[in-house]
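Trainee: I am new to this structure and should like a close look at a single part of it. Please choose one residue as the starting point and then connect it with what surrounds it.

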Amino acid sequence: MEGPGVFLIAEKLKFLKGKNPLEVKGNSRESKEVILGKKILDVKSHGKNLIFEFDSFYLIIHFLIYGSIRINSVKEGKKERLSIRFNDTLINFYNTSVKILNKRDFKIDPTIDVMKRNFDKNKAKEKIINSDEFICDILLDQKIFAGVGNIIKNEALFRAKIHPLSIGKKIKEENIERLVKEVLSFSRLFYITRKSNKRLKDYLLIYGKKLCPICNGKVNLKYIAKTKRKTYFCMSCQFLY
């Protein structure tokens, strides 16, 4: 699950603020019982992480690739990774990572989170300008673009007309600026689409496509660079730097 989806879940769960978990179970090996009877101070997101804030620690849920959540319902045939019961609400998480960390051990930096208004575009541009890495790997670096996943990566690169195997520091500065803007605008579109219960598929230009919407040429699909993630690109419309 990518940043926009987690951001939306955090919004939906804001009603849990001020409530106390009454029962906790699931197959997570984390010491989850520590949250029993503790008041939730806030529910928020950071990148791909859903965060329940308590007095001195965070309960952090990462949805990995196939993670999901159910509110007041269960996923038939699946064992909960974490199940939290409140007085009038049941929250179930499936196929997720569960961690409980002291607040000092988990840094929340809104300047790197693509879903936050104070995301620092200049800092992100500088990271790219000074990088010897492939741009497709840079975009998936959660220390630079927290919340960007494979769909956002593919769509932003195509919309900015940049080949995924371009080297960060070789890309022209104006093209880097355009790329960062595309990352943020598509992340917003991703969020609005999910919130409106529309199909994200209807707004994708390159991800999952066989033909380029610009030149009608064949779309390449490869698992490339260090991250080896599924990458769609057009050799004609995306420039290799």
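Mentor: Let us start from F57, which counts as buried because its relative accessibility is 6%. A residue is called buried under 20% relative accessible area, exposed over 50% and partly exposed in between, with a 1.4 Å probe and protein chains only. F54 is buried as well, with a relative accessible area of 1%.

Before going further, please note that this is a predicted model, in which local features need pLDDT of at least 70 and side-chain atom pairs count only at pLDDT 80 or more, while totals for chains, interfaces and linings use all residues. Residues are numbered from 1 along each chain as its sequence is written, and side-chain values use heavy atoms, with hydrogens and water left out.

The ring of F57 belongs to a wider topic, that of aromatic pairs. Rings of Phe, Tyr and Trp (its six-membered ring) pair if their centres lie within 6.5 Å; planes under 30 degrees apart count as stacked, over 60 as edge-to-face and the rest as tilted. A search of the whole structure finds nine such pairs. One of them joins F7 and Y191, whose centres are 5.5 Å apart and whose planes make an angle of 80°, an edge-to-face arrangement. This pair links distant parts of the chain, with F7 in helix 1 and Y191 in helix 5, 184 residues apart. Helices (H or I, at least four residues) and strands (E, at least two) are DSSP runs, numbered from the N terminus. F7 has a relative accessible area of 18% and is therefore buried; Y191 is buried too, at 4%. With F54 and F57, the ring centres lie 4.9 Å apart and the planes meet at 15°, so this pair is stacked. In addition, F52, F63 and F93 form one aromatic cluster.

Helix 1 and helix 5 appear again in the surroundings of helix 4. Helix 4 spans residues 150-159 and is mostly covered, since ten of its ten residues are buried. Among these buried residues are I151, I152, L157 and F158, and also the charged K153, E155 and R159. They pack against helix 1 (3-12), helix 3 (135-139), helix 5 (173-195) and strand 10 (229-233).

Just after helix 4 comes K161, whose phi is positive, at about 60°. Most residues other than glycine have a negative phi. K161 is not a glycine, yet it has this positive value. It lies in the loop between helix 4 and helix 5, and a relative accessible area of 36% means that K161 is partly exposed. K228 is another residue other than glycine with a positive phi, near 55°. K228 sits in the loop between strand 9 and strand 10 and counts as exposed because its relative accessibility is 52%.

A lysine in another setting is K125, placed in helix 2 (residues 121-129). K125 is buried, with a relative accessible area of 11%. Apart from neighbours within four places in sequence, K125 is in contact (heavy atoms within 4.5 Å) with I176, E177 and V180.

L211 is found in the loop between helix 5 and strand 9 (220-224). At a relative accessible area of 48%, L211 is partly exposed. Leaving aside neighbours within four places in sequence, L211 is in contact with N216, G217, K218 and V219. The C-alpha atoms of L211 and F233 are separated by 9.8 Å, although their positions lie 22 residues apart along the chain as the separation is counted.

Finally, the whole chain gives these parts their setting. Its secondary structure comes to five helices and ten strands. The radius of gyration is 19 Å, close to the 18 Å that the globule rule gives for 241 residues, so the chain is as compact as a globular protein of that length. That radius is taken over C-alpha atoms, and the globule rule is 2.2 Å times the number of residues to the power 0.38. Buried residues make up 49% of the 241 residues. Among contacts between residues at least 6 apart in sequence, 62% join residues at least 24 apart.
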